[in-house]
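Subject: Structure handover

Hello,

Here is the structure I said I would pass on. My notes on what was found in it come after it.

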Amino acid sequence: MTSKQLVRPQDGRVLFGVCAGLGQYFGIDPTLVRILWVLLTFVAGTGILLYVILATVMPSGGAVI
């Protein structure tokens with residue numbers, strides 16, 4: 001049994017890897033997470049602040065082999 005960890009992966013990064021990590025954790029495409037993140041930023045205005053917080057809090061993970 002493998003445990004799921006919320007990490008910023010080395011592969012699939014665009015900026016800091018937050019959306020790629022969330023996509024891997026929840027099992028969805030990172031592009032969909034990025035689109036939702038942009039919508040959250042424009043609609044609620046909290047997307048950028050939340051992204052910076054997650055980029056500093058989420059540990060950086062190694063490359064998946």
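I start near the end of the chain, with Gly61, which is placed in the segment after α3. Please keep in mind throughout that this is a predicted model. Gly61 has a relative accessible area of 12%, so it counts as buried. Setting aside neighbours within four places in sequence, Gly61 is in contact with Val7, Arg8, Pro9 and Gln10. One of these, Arg8, is 53 residues away from Gly61 in sequence, yet the two C-alpha atoms are 5.4 Å apart in space.

Arg8 also turns up among the contacts of Phe16. Phe16 sits in the segment before α1. Not counting residues up to four places away in sequence, Phe16 touches Arg8, Tyr51 and Ala55. At 41% relative accessibility, Phe16 is partly exposed.

Next, the helix packing. Two packed helices are described by the angle between their axes and the distance between the axes. Helix α1 covers residues 18-26 and helix α3 covers residues 47-57; their axes come within 10 Å and cross at roughly 75 degrees. The two helices are therefore roughly perpendicular to each other. On the α1 side the contact is made by Val18, Cys19 and Leu22, and on the α3 side by Tyr51, Leu54 and Ala55. Sorted by class, this contact has 6 nonpolar residues, with no polar and no charged ones.

For α2 and α3 the packing angle is about 130 degrees, and the axes are 7 Å apart. An angle of that size lies outside the 65 to 115 range for roughly perpendicular and is not over 145, which makes α2 oblique to α3. Trp37, Leu40 and Thr41 of α2 meet Gly47, Ile48, Leu50, Tyr51 and Leu54 of α3. Here the residues divide into 6 nonpolar and 2 polar, again with no charged residue.

Thr41 deserves a separate word. Thr41 belongs to helix α2, which spans residues 30-43. Apart from neighbours within four places in sequence, Thr41 is in contact with Thr46, Gly47 and Ile48. Thr41 and Tyr51 are 10 residues apart in sequence, and their C-alpha atoms are 9.6 Å apart.

Which residues make up the largest nonpolar core? There are 9 of them: Val18, Cys19, Leu22, Val33, Trp37, Tyr51, Leu54, Ala55 and Met58. The elements that each give two or more residues to this core are α1, α2 and α3. As general background, nonpolar side chains tend to be buried together in soluble globular proteins.

Within α1, the buried residues are Val18, Cys19, Ala20, Gly21, Leu22 and Gly23. The buried residues of α1 pack against α2 and α3. Cys19 can serve as an example: leaving out neighbours within four places in sequence, Cys19 is in contact with Pro30, Val33, Arg34, Trp37 and Tyr51. After α1 comes Gly27, with a positive phi near 75 degrees.

That leaves the aromatic rings. A pair of aromatic rings is described by the distance of the centres and the angle of the planes. The count comes to 3 aromatic pairs. Phe16 and Tyr51 form a tilted pair, 6.4 Å centre to centre, with 45 degrees between the planes. Phe16 lies in the segment before α1 and Tyr51 in helix α3, so this pair ties together parts that are 35 residues apart in sequence. The C-alpha atoms of Phe16 and Tyr51 are separated by 9.1 Å. Is Tyr51 buried or exposed? At 13% relative accessibility, Tyr51 counts as buried.

Tyr25 and Phe26 form an edge-to-face pair, with 5.1 Å between the centres and 85 degrees between the planes. Tyr25 is partly exposed at 28% relative accessibility, while Phe26, at 56%, counts as exposed. Ring pairs also link Phe16, Trp37 and Tyr51 into a cluster.

If you look at one residue on screen, Tyr51 is a convenient place to begin. Tyr51 takes part in the contact of α1 with α3, in the contact of α2 with α3, in the largest nonpolar core and in the ring cluster with Phe16 and Trp37.

Regards

Definitions and conventions:
Residues are numbered from 1 along each chain as its sequence is written. This is a predicted model: local features need pLDDT of at least 70, side-chain atom pairs count only at pLDDT 80 or more; totals for chains, interfaces and linings use all residues. Side-chain values use heavy atoms; hydrogens and water are left out. Axes are lines fitted to C-alpha atoms, for helices over the stretch in contact, and angles run from 0 to 180 degrees between N-to-C directions. Helices (H or I, at least four residues) and strands (E, at least two) are DSSP runs, numbered from the N terminus. Angles under 35 degrees count as roughly parallel, over 145 as roughly antiparallel, 65 to 115 as roughly perpendicular and the rest as oblique. Contact means heavy atoms within 4.5 Å. Ala, Val, Leu, Ile, Met, Phe, Trp, Tyr, Cys and Pro count as nonpolar, Asp, Glu, Lys and Arg as charged, and the others, Gly among them, as polar. A nonpolar core is a set of buried Ala, Val, Leu, Ile, Met, Phe, Trp, Tyr and Cys residues joined through side-chain atoms within 4.5 Å. Buried means under 20% relative accessible area, exposed over 50%, partly exposed in between (1.4 Å probe, protein chains only). Rings of Phe, Tyr and Trp (its six-membered ring) pair if their centres lie within 6.5 Å; planes under 30 degrees apart count as stacked, over 60 as edge-to-face and the rest as tilted.
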